Every structure is written in C-alpha cells, then in structure tokens.
Amino acid sequence: RLAIEALIRRAVEHDGFELYYQPLFAAAEPELRAFEALLRLRDGRGGLVAPDLFIAIAEEMGMISEVGHWVLRHACREAAGWPSHISVSVNLSPAQFADGGVSVLVRSALAESGLAPERLELEITETVLLHDSEHVLRELEQLDMLGVKVVMDDFGTGYSSLAYLWRFRFAGLKIDRSFVMALDDGNDAIASVVRTIVSLGRVLGMRITAEGVETIEQAERLRAMGCDRLQGYLFGRPASASVAARTIRRHDAPRLARRARKSPDSAVA
Ligand code: C2E
Ligand code: MG
Ligand code: MG
C-alpha cells in the first residue's frame, strides 16, 4: 500500500500516468463511435498496478481530484486529434464530486483542448448520487448545460435505485459486464432483466451500451436485445493512444470509402 501511494505521488508530480483507450462500436453496424479512456499506472517492474486498486487508494489519499484533472485534460487533448465523429469517454470518481468544481474542470479541459463538448462523455456510477445528492445534481445539471454527455456506468450493480434515473436525465447507461457474462448461463430470467434495462433506457431516451462483450454470441444477443453500443475484448482491449490512432485509421478508411460510394459528391467531406 505504501509502495502504491509512493507511485501515485510520483506519477502526480512527474506526469507518470498513462491513458489507455478502449473502442466502443455501434451495435447495428460495426462502426467505431468512441473510446473510453482508462487510467494506467506502471509498477516500476514492467507491470501495471490494477486500476481498481490504485484509484481507490488515490481516493483515500485525497488525491483523486488531481488525478482526475490530469485524466480529463489528457483525454480531451488526445480526442481533439481524432476525427470529429469519434467521442471520448472519461470516468469520474465519486470523490471528485465531493471535492466540488467538476464542471469548472470540465469546462477548462474543453477550452484548453478545443474539443467540442458533445464529443465528451463522462461516466459516473450511482454511488456519486448516494450522498449529498442535491449538490451533486447541481453539478450534473451544470455539465449538462455545457453540452457534455453524462452516462451511468456499471448499471445494475450496487444499489441500482431507479430513482436516480429520473432525478437526472442521463444521456446513456452502461450495462455492467456481470450481466453480459451471466447471459452465457442460458438463464431466461437474466435475458429478461437485460431486455428490461434496455427498454427502460429507451423510454428515458438514453443510449444503451453493453460492456465486457467477449464473444460473438454475446454481441449478437445484445444487438438483438436493442443495445446501441458494444464494448469489450471482442472489439478491442484497452491500449495506448498510438494503438487507438491505428484503430481509427483502420476503421475510417472503409467508412469513408462506403460514404464515397453512397454519395460521390460529398466523398471528401
Ligand atoms: P469501468 O469504467 O467499468 O471500465 C471498464 C473496465 O472493464 C476496464 O477495466 C476495462 O479494461 C474492463 N473491460 C473492458 N472490456 C472487457 C471485457 O471484455 N472483459 C473483461 N473481463 N474486462 C473488460 P480497468 O481498465 O481495469 O478499469 C477498472 C475500473 O477502474 C473502471 O471500470 C473504472 O471504474 C476505474 N477507472 C479506470 N480509469 C479511471 C479514471 O481515469 N478515473 C476514475 N475515476 N476511474 C477510472
Ligand atoms: Mg467506465
Ligand atoms: Mg463499467
């Protein structure tokens, strides 16, 4: 624990974190839509410290706001260099909301990078809304007014109070990986629950993403159930910014060619 604390301190002081990017694809046609930025910390022995672990420690150390600020600035700067139809998704920790000023940081990260607000998605878990929720709701409204999209991450785990879903108009909802894994058991009840989450999200005008998609069978089922976006090892693991750039080039060339065939006049747009 002490070693991880030291690694975190050193990374904050010397720009030592890294961001990995994992692709998100449209479910209907396999088109690249976004990347989720995922924070990485090297352990100094050629490996990586588990994000769940070091992020929890950074929260306990009271350093998550500094770390979160770094993530926002770097993710926005990277995404500003991508084609304009590709968004970036950034995870925010509940502790960042407790410290306040999240919308101020988001505004400055957007201004500094020149990234259009609608290309930034912020992922929060419902624990953000557990405590002090009036203050948090005000912050979320501010983010909404900026034009960024606030998405509920890991939906279906934890308390999953449906009340949160109507207290704030989330732009999207990510169905937790545990549901996607459970689909493989062939249990009809789980499939019904996933279908119900999708229709609930649909009624509330939210975009539904399924995370942790590892097999073609899962992808096909989730597509048939009406999910809008799919994310998981099947489509790509989290990887460095240069790998993300390569993924973009690989997927963009065929996309532009398809466009050109459809409307020859706007081929270079
Ligand atoms: P998350 O936001 O739910 O991110 C998804 C996690 O699932 C990532 O783990 C990703 O690598 C993993 N994953 C994606 N597809 C698959 C799959 O097909 N199979 C399996 N088994 N796993 C998959 P990761 O990168 O270890 O991050 C864990 C958690 O740490 C994240 O969960 C998020 O809550 C947190 N986190 C990561 N980066 C940040 C950050 O910049 N800020 C904050 N506050 N939290 C972060
Ligand atoms: Mg996430
Ligand atoms: Mg998640």
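Donors are N, O and S atoms within 2.8 Å of the metal. Keep that cut-off at hand for the exercises below. The model is predicted.

**Exercise 1. Find which protein atoms hold the magnesium ion (ligand 3), and how these donors are spaced along the chain.**

Step 1. Apply the cut-off. The protein donors of ligand 3 are Asp153 (OD), Asp154 (OD), Glu211 (OE) and Glu211 (OE). They lie 2.0 to 2.6 Å from the ion.

Step 2. Read along the chain. The spacing of these donors is D-D-x56-E.

Step 3. Place two of the donors. Aspartate 153 sits in strand β6 (residues 149-155), while glutamate 211 sits in the loop between β8 (207-210) and α10 (216-224), so the pair ties together parts 58 residues apart in sequence.

Step 4. Check burial. Aspartate 153 and glutamate 211 are both buried.

**Exercise 2. Do the same for the magnesium ion (ligand 2), then state which residue coordinates both ions.**

Step 1. List the protein donors. For ligand 2 they are Glu36 (OE), Asn91 (OD1), Glu123 (OE) and Asp153 (OD). Their distances from the ion run from 2.0 to 2.2 Å.

Step 2. Write the spacing. Here the pattern is E-x54-N-x31-E-x29-D.

Step 3. Connect the two sites. The magnesium ions, ligand 2 and ligand 3, are 4.0 Å apart. Aspartate 153 coordinates both.

Step 4. Locate the glutamates. Glutamate 36 belongs to strand β2 (residues 32-42) and glutamate 123 to strand β5 (residues 120-124). The two are 87 residues apart, and the pair links distant parts of the chain. Both glutamate 36 and glutamate 123 are buried.

**Exercise 3. Describe the surroundings of strand β7 (residues 172-175).**

Step 1. Recall a rule. In a regular strand, side chains alternate between the two faces of the sheet.

Step 2. Sort the residues by side. Gly172 and Lys174 are on one side of β7, and Leu173 and Ile175 are on the other. All four are buried, and both faces of the strand are covered.

Step 3. Look at β6. It pairs with β7 in the parallel sense, over three bridges. Methionine 152 has leucine 173 in β7 as its bridge partner.

Step 4. Look at β8. Strands β7 and β8 run parallel and are joined by four bridges. Isoleucine 175 stands opposite alanine 210 in β8.

**Exercise 4. Decide how helices α1 (residues 2-13) and α2 (residues 51-60) are arranged.**

Step 1. Know what to look for. Two packed helices are described by the angle between their axes and the distance between the axes.

Step 2. Take the values. The axes of α1 and α2 come within 10 Å and cross at roughly 75°.

Step 3. Classify the angle. Angles of 65 to 115 degrees count as roughly perpendicular. Therefore α1 is roughly perpendicular to α2.

Step 4. Name the contacts. Ile4, Glu5 and Ile8 in α1 meet Leu53, Phe54, Ile57 and Ala58 in α2.

**Exercise 5. Is isoleucine 64 buried or exposed, and what does it touch?**

Step 1. Place the residue. Isoleucine 64 is in helix α3 (residues 64-80).

Step 2. Use the cut-off. Buried means under 20% relative accessible area. Isoleucine 64 has 6%, so it is buried.

Step 3. List its contacts. Leaving out residues up to four places away in sequence, isoleucine 64 touches Ile55, Ala58, Glu59, Ser93, Ala95 and Gln96.

Step 4. Add a distance. The C-alpha atoms of isoleucine 64 and isoleucine 8 are separated by 9.9 Å. Along the chain, these residues are 56 apart.

Note on methods. Residues are numbered from 1 along each chain as its sequence is written. Chains are lettered from A and ligands numbered from 1 in the order in which they are written. This is a predicted model: local features need pLDDT of at least 70, side-chain atom pairs count only at pLDDT 80 or more; totals for chains, interfaces and linings use all residues. Side-chain values use heavy atoms; hydrogens and water are left out. Donors are N, O and S atoms within 2.8 Å of the metal (3.2 Å for Na, K and Ca); water is not among the atoms, so sites may look incomplete. Buried means under 20% relative accessible area, exposed over 50%, partly exposed in between (1.4 Å probe, protein chains only). Two strands pair if DSSP finds at least two bridges between them. Axes are lines fitted to C-alpha atoms, for helices over the stretch in contact, and angles run from 0 to 180 degrees between N-to-C directions. Angles under 35 degrees count as roughly parallel, over 145 as roughly antiparallel, 65 to 115 as roughly perpendicular and the rest as oblique. Contact means heavy atoms within 4.5 Å.
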